[in-house]
Amino acid sequence: YLAFRISFTVFLMRAYLLSIPKELEDAAYIDGCNSLKVLTSIVMPLSKPIIATSALLTGMYCWNEFMFALVFTSSNNLRTIPLGLMNMRGTLRTEWGILIAALALSALPIIIVFILLQKQFIRGLVAGGVKG
């Protein structure tokens, strides 16, 4: 799953890293930092919002992936949550209450991850809103 998402993640992170001003790195070099110190002290703290965004988008893609799991798994023990939810649908009758409860439970891990990473998203939005 990650191999299929890495191109989008690299594109997203590259665009964000290009927006970091080069002057910050130059100032760190003038202050006596080496390349590793610039990476750990300047670039990585500024990159927390895009790392959180990339992690959440990739996690959501892997969590909700349906087609590969349908094609490549044959055993019911290896089925993913979306396939299990599909099997809860009946041909003639569907228990909608149970299905909606299962859908809510399946979305819960991604919602928890979003709540944990929410501060990074807000920082990313606010950082782009400053003029000057």
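Leaving aside neighbours within four places in sequence, A102 is in contact with L85 and M88. The model is predicted. A102 itself lies in helix α7, which covers residues 96-127. A102 was also compared with M13. These two residues are 89 residues apart along the chain. Their C-alpha atoms are separated by 34 Å.

Helix α1 was examined next. This helix runs over residues 2-18 and holds 17 residues. At 1.5 Å a residue, α1 should span 24 Å. Its end C-alpha atoms are 23 Å apart, so the expected and computed spans agree. Helix α1 also has a kink. The kink is about 25 degrees and is centred on F8.

Aromatic rings were then searched for pairs. The whole structure contains 2 aromatic pairs. One of the pairs is formed by F4 and F68. Their ring centres are 5.0 Å apart, and the planes meet at 35 degrees. This pair counts as tilted, because stacked pairs have planes under 30 degrees apart and edge-to-face pairs have planes over 60 degrees apart. The pair links distant parts of the chain. F4 belongs to helix α1, whereas F68 belongs to helix α5, residues 67-72. The two residues are 64 residues apart.

Two packed helices are described by the angle between their axes and the distance between the axes. Both values were computed for helix α3, residues 35-46, and helix α4, residues 48-64. The axes come within 4 Å. They cross at roughly 50 degrees. Helices α3 and α4 are therefore oblique to each other. On the α3 side, the contact is made by M44, P45 and L46. On the α4 side, the contact is made by K48, P49 and I51. The residues of this contact divide into 5 nonpolar and 1 charged, with no polar residue.

Terms used
Residues are numbered from 1 along each chain as its sequence is written. This is a predicted model: local features need pLDDT of at least 70, side-chain atom pairs count only at pLDDT 80 or more; totals for chains, interfaces and linings use all residues. Side-chain values use heavy atoms; hydrogens and water are left out. Axes are lines fitted to C-alpha atoms, for helices over the stretch in contact, and angles run from 0 to 180 degrees between N-to-C directions. Angles under 35 degrees count as roughly parallel, over 145 as roughly antiparallel, 65 to 115 as roughly perpendicular and the rest as oblique. Contact means heavy atoms within 4.5 Å. Ala, Val, Leu, Ile, Met, Phe, Trp, Tyr, Cys and Pro count as nonpolar, Asp, Glu, Lys and Arg as charged, and the others, Gly among them, as polar. The expected span of a helix is 1.5 Å times one less than its number of residues. The bend at a residue is the angle between axes fitted to the seven residues ending there and the seven starting there. Rings of Phe, Tyr and Trp (its six-membered ring) pair if their centres lie within 6.5 Å; planes under 30 degrees apart count as stacked, over 60 as edge-to-face and the rest as tilted.
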